[in-house]
Amino acid sequence: MANVTVIGAQWGDEGKGKIVDWLAERADCVVRFQGGHNAGHTLVVGENVYKLSLLPSGIVRGTLSVIGNGVVLDPWHFRDEVAKLAGQGVKMTPENLQIAETCPLILPFHRDLDGLREDASGAGKIGTTRRGIGPAYEDKVGRRAIRVCDLAHLDDLDLQLDRVCAHHDALRAGFGEAPIDRAALMAELAEIAEFILPFAKPVWRTLDEARKRGDRILFEGAQGVLLDVDHGTYPFVTSSNTIAGTAAGGSGLGPSAAGFVLGIVKAYTTRVGSGPFPTELEDETGQRLGERGHEFGTVTGRKRRCGWFDAVLVRQSAAVSGITGIALTKLDVLDGFEELKICTGYTLDGQHYDYLPPHPQDQARVEPVYEVIEGWSQSTAGARSWADLPAQAIKYVRRIEELIQCPVALVSTSPERDDTILVRDPFQD
């Protein structure tokens, strides 16, 4: 049995929650390995809708769920999300939900700084969720982060607070803000520590033992490859590495544990926030895609920008992330279009590109080259086999495979977990 790593292969919001939930039923452990509570996953299980942003999707199924060291953790949001799911009947204990002891914490001053920077950036704003993700990662690499394990040693925190306050107080002064209230911060940390510490574990050991037992481990990525801080549309990216390779460093298992890499891809393209988007449709077609696809962010509620499928970007994502196969989601949103377009390349100042140039100004100016494909009038919603799909829908899927140079492993035809066409089982690969 192979392990499986699930990542988004576009700009996030590809439908990872449903796919992870679908796979989690056969997994023994589900692991989040990067990002924070800026990543929204919506799970539809029968009549119940669960909206997660920090907890691994496997928790809804009762599967052992792990928040790895590569995640930045807002402890107050963690408490609120646990309480919300508990209210929906989901049972969570330190036996089925673990947090890496070495997770950096997102603290109130991180959220403050995130918002202050965005407000001061004007037209140059990144479009962050203002939840403190970036500043928390900055403190991590600056070696001044306060981590989960520090909650058990608050009496020894003075030197680390000196470091973090020296940095943040100078930044806050530049924005005309008061210094960090250390006494208030310590009180908040002491209050939340009691809730967080029972979940804190050496998860690298939990995962190593699971690997030795031959358990099936499902690694759950957040955001998408095009938001990767190294490989995405920089600077309009997130603050972590979102590619599959991060599963190793962000969990404490070696790179061989990644197994089958499943890239989640919408049958069209969406993006939230600022940044280049070559196939964006700012017309009735784009609005139709957004309305039919219910394209609003799970975390922020922001309307998503919509456009045609960009095979160039997905091919690039597959290459840099070592994607084994893709799960194509929201095929049913394309029902009823007379014709569909797929981006197969770009032009820029008369030059042809088969990849997205790295410079943001070039990315903003590229013109998509489209291939037009006949649409279909029949419904694909709820299809669970190839026989349920119109011939033109199958042709569309097969053409995507050819253009991205990667096979389709799954096709999703509605938010319902069982409305899935299985082409290749990642756990059996």
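Start by selecting A327 and L410: A327 stands opposite L410, which sits in strand β17. You're looking at a predicted model, by the way.

**Stop 1: strand β17 and its two partners**

Now colour the whole of β17, residues 408-412. How many of its five residues are buried? Five of the five, so to speak: the strand is mostly covered. On one pairing, strand β13 (residues 325-329) runs parallel to β17, joined to it by three bridges. For the other pairing, select strand β18, residues 420-422. β17 and β18 pair in the antiparallel sense, again with three bridges. Click on V411 and you'll find its bridge partner, I421, in β18.

**Stop 2: the whole sheet**

Zoom out and show the strands of the sheet. This is an open sheet of 10 strands with mixed pairing. Walk across it in this order: β7-β6-β5-β2-β8-β1-β9-β13-β17-β18. Which strands stand at the edges? They are β7 (200-201) and β18; each has a single partner strand, so one side of each is left without a neighbour in the sheet.

Next, pick strand β9, residues 260-266. β9 pairs with β13 in the parallel sense over five bridges. Within that pairing, K266 has T329 of β13 as its bridge partner.

Keep the sheet on and add helix α1, residues 16-24. α1 packs on the sheet and touches β1 (4-8), β2 (29-32), β8 (217-220), β9, β13, β17 and β18. Compare its direction with that of β1: the two make about 170°.

**Stop 3: the nonpolar cores**

Time to go inside. Nonpolar side chains tend to be buried together in soluble globular proteins. Here the largest nonpolar core has 93 residues. Select F78, L331 and Y396, the residues with the most contacts inside that core. Which helix gives the most to it? That's α12 (residues 391-404), with six residues.

Stay on Y396 and show what surrounds it. Leaving out residues up to four places away in sequence, Y396 touches A267, F309, L331, L334, L340, I342, I373 and W376. There is also a second, separate core of 17 residues; I19, V20, W22 and V30 are among them.

**Stop 4: two helix pairs**

Select helix α3 (residues 108-121) and helix α4 (residues 133-141). Their axes are 7 Å apart and the helices pack at an angle of about 120°. That angle makes α3 oblique to α4. The crossing of this pair is right-handed. To see the contact, show F109, H110, L113, D114 and R117 on α3, then I133, P135, A136, E138 and D139 on α4.

Now swap to helix α5 (residues 158-174) and helix α6 (residues 182-196), which pack at about 125° with axes 12 Å apart. α5 and α6 are therefore oblique to each other, and α5 passes α6 in a right-handed crossing. Here D158, L161, D162 and C165 in α5 meet R182, L185 and M186 in α6.

**Stop 5: V49**

Finish on V49, in strand β4 (residues 48-52). Is V49 buried, exposed or partly exposed? With 41% relative accessibility, V49 counts as partly exposed. Neighbours within four places in sequence aside, V49 is in contact with T42, L43, V44 and Q88. For a last distance, go from V49 to D114: the two are 65 residues apart in sequence and 30 Å apart in space, C-alpha to C-alpha.

Methods. Residues are numbered from 1 along each chain as its sequence is written. This is a predicted model: local features need pLDDT of at least 70, side-chain atom pairs count only at pLDDT 80 or more; totals for chains, interfaces and linings use all residues. Side-chain values use heavy atoms; hydrogens and water are left out. A nonpolar core is a set of buried Ala, Val, Leu, Ile, Met, Phe, Trp, Tyr and Cys residues joined through side-chain atoms within 4.5 Å. Buried means under 20% relative accessible area, exposed over 50%, partly exposed in between (1.4 Å probe, protein chains only). Helices (H or I, at least four residues) and strands (E, at least two) are DSSP runs, numbered from the N terminus. Contact means heavy atoms within 4.5 Å. Two strands pair if DSSP finds at least two bridges between them. Axes are lines fitted to C-alpha atoms, for helices over the stretch in contact, and angles run from 0 to 180 degrees between N-to-C directions. Angles under 35 degrees count as roughly parallel, over 145 as roughly antiparallel, 65 to 115 as roughly perpendicular and the rest as oblique. A crossing is left-handed if the near helix is turned anticlockwise from the far one by less than a right angle, and right-handed if clockwise.
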